[in-house]
Amino acid sequence: MLDVITVISRHEPLAVNEISRHVELPVPIVAAVCNELRQRDVVDTRRPVRLTPSAREATAADTWLGSGKCPQCSGLGIDVPSELDGVASQLEALAERMPNARLELDQAHCTIDSKLRRAMLFGELGLLSKPTIFIGDDDLTSITISLVATHAGLPAPRVTVVDTDADLCEFIEAQADELGLSITVVRHDARQPLPPQLHEAFQVAFTDPPYTLAGAELFVSRAVSALEPRAGQHVLFAFGARRPSETVAVQSMLGDMGLAIRRLQPNFNEYLGAGVIGGTSHQYHLRTVDASAGGIVGDYEGPLYTADNRAETARRFRCASCRTIQLVGPKQKYAKIADLKSAGCPECGGSTFRPMALRDRNTSNRKNP
């Protein structure tokens, strides 16, 4: 709760999803905390979120401490130069024609600025011309880095995209042909190991996986399997903010695979939609060691996408009036939230309910220790 108050005091007024990015908690939890703070007269009833005058006065001495963010890059560490305006225009035209994001695959297209920041990160790390594989690419980052490399006069990178979305694969392939880019597209479901020709063939892997912990582990595992088996190869991994316990789980998983975290840039990637992750994700830069290996090596059969978890597990809803919690989902008294609203809260009869955060299921086929 104190973290939420601190963020509001330093950045007010701001939307709930912006608070979510700063405190690294799911949007529903932040919304619930803000509602609690309103009841305590700490947060004003107006939107966007802001403090009450009394709360603002109590925190005023501390607010200047958060004013050191770089105004040029907004604290993201990389600024997109005007020399890439032409590439930005090409990407905007592509974004207008590309297939719609498929929510059931946890797709949410990142902004044009985010695509270009990713390419600038590749450039900063000296990776623009290295053989690169993308495990999923609904953001068209493969096209972006290829265009930026060409624009900079660098050798065209050898790029391979692996994705399960047939429409997206067809689109990337067609655009690469039209633009004269060296991009190979392989339609493949990451639940199965990568095809043999993609094993140990690349120096760089990029993945922006499903929002779940299981999705992160699976996609990073496939990324590692595609890298040359020697120390120093690169994994660029985009993943949204999680609660501290889940962040520890993610970083422990990376450590278990033999991946060193060389850089972590919070809220580096911005998305159109993606409310479940606050509209942003962190950008990890990982390096391999001699013994690096994916945590999942065979077929994966567990839940993978957010929708998979939601379909198989009950969701908790809190009554806005009496704050009791009701379970909604398969094998529960209320199969759908509409059923609960229609029946009313069994304790007070209320019909307004707030969704609580989903709990990830992270069952996976790990290799034997």
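**Exercise 1. Determine the handedness of the crossing of helix 5 and helix 8, and which residues make the contact.**

Solution. The model is predicted; local features need pLDDT of at least 70, side-chain atom pairs count only at pLDDT 80 or more, and totals for chains, interfaces and linings use all residues. Residues are numbered from 1 along each chain as its sequence is written, and side-chain values use heavy atoms, with hydrogens and water left out.

Step 1. Helices (H or I, at least four residues) and strands (E, at least two) are DSSP runs numbered from the N terminus. Helix 5 covers residues 85-97 and helix 8 residues 166-179; their axes come within 12 Å and cross at roughly 145°. Axes are lines fitted to C-alpha atoms, for helices over the stretch in contact, and angles run from 0 to 180 degrees between N-to-C directions.

Step 2. The crossing is right-handed. A crossing is left-handed if the near helix is turned anticlockwise from the far one by less than a right angle, and right-handed if clockwise.

Step 3. Helix 5 contributes Gln90, Leu94 and Arg97 to the contact, and helix 8 contributes Phe171, Gln175 and Leu179. Contact means heavy atoms within 4.5 Å.

**Exercise 2. State whether Gln203 is buried or exposed, and list what Gln203 touches.**

Solution. Step 1. Gln203 is found in the loop between strand 3 (183-187) and strand 4 (204-207).

Step 2. The relative accessible area of Gln203 is 18%. Buried means under 20%, exposed over 50%, and partly exposed in between (1.4 Å probe, protein chains only). Gln203 is therefore buried.

Step 3. Not counting residues up to four places away in sequence, Gln203 touches Lys130, Pro131, Leu227, Glu228, Arg230, Gln233 and His234.

**Exercise 3. For Glu200 and Asn267, give phi and the accessibility class.**

Solution. Step 1. Phi of Glu200 is near 55°, a positive value in a residue other than glycine. Phi of Asn267 is also near 55°.

Step 2. Glu200 is found in the loop between strand 3 and strand 4, whereas Asn267 is in strand 6 (residues 259-270).

Step 3. Glu200 has 49% relative accessibility, so it counts as partly exposed. Asn267 has 16%, so it is buried.

**Exercise 4. Locate the cis peptide bonds that join Glu12 to Pro13 and Arg47 to Pro48, and give omega for each.**

Solution. Step 1. For Glu12 and Pro13, omega is about -10°. Pro13 is in the loop between helix 1 and helix 2.

Step 2. For Arg47 and Pro48, omega is about -5°. Pro48 lies in the loop between helix 3 and helix 4.
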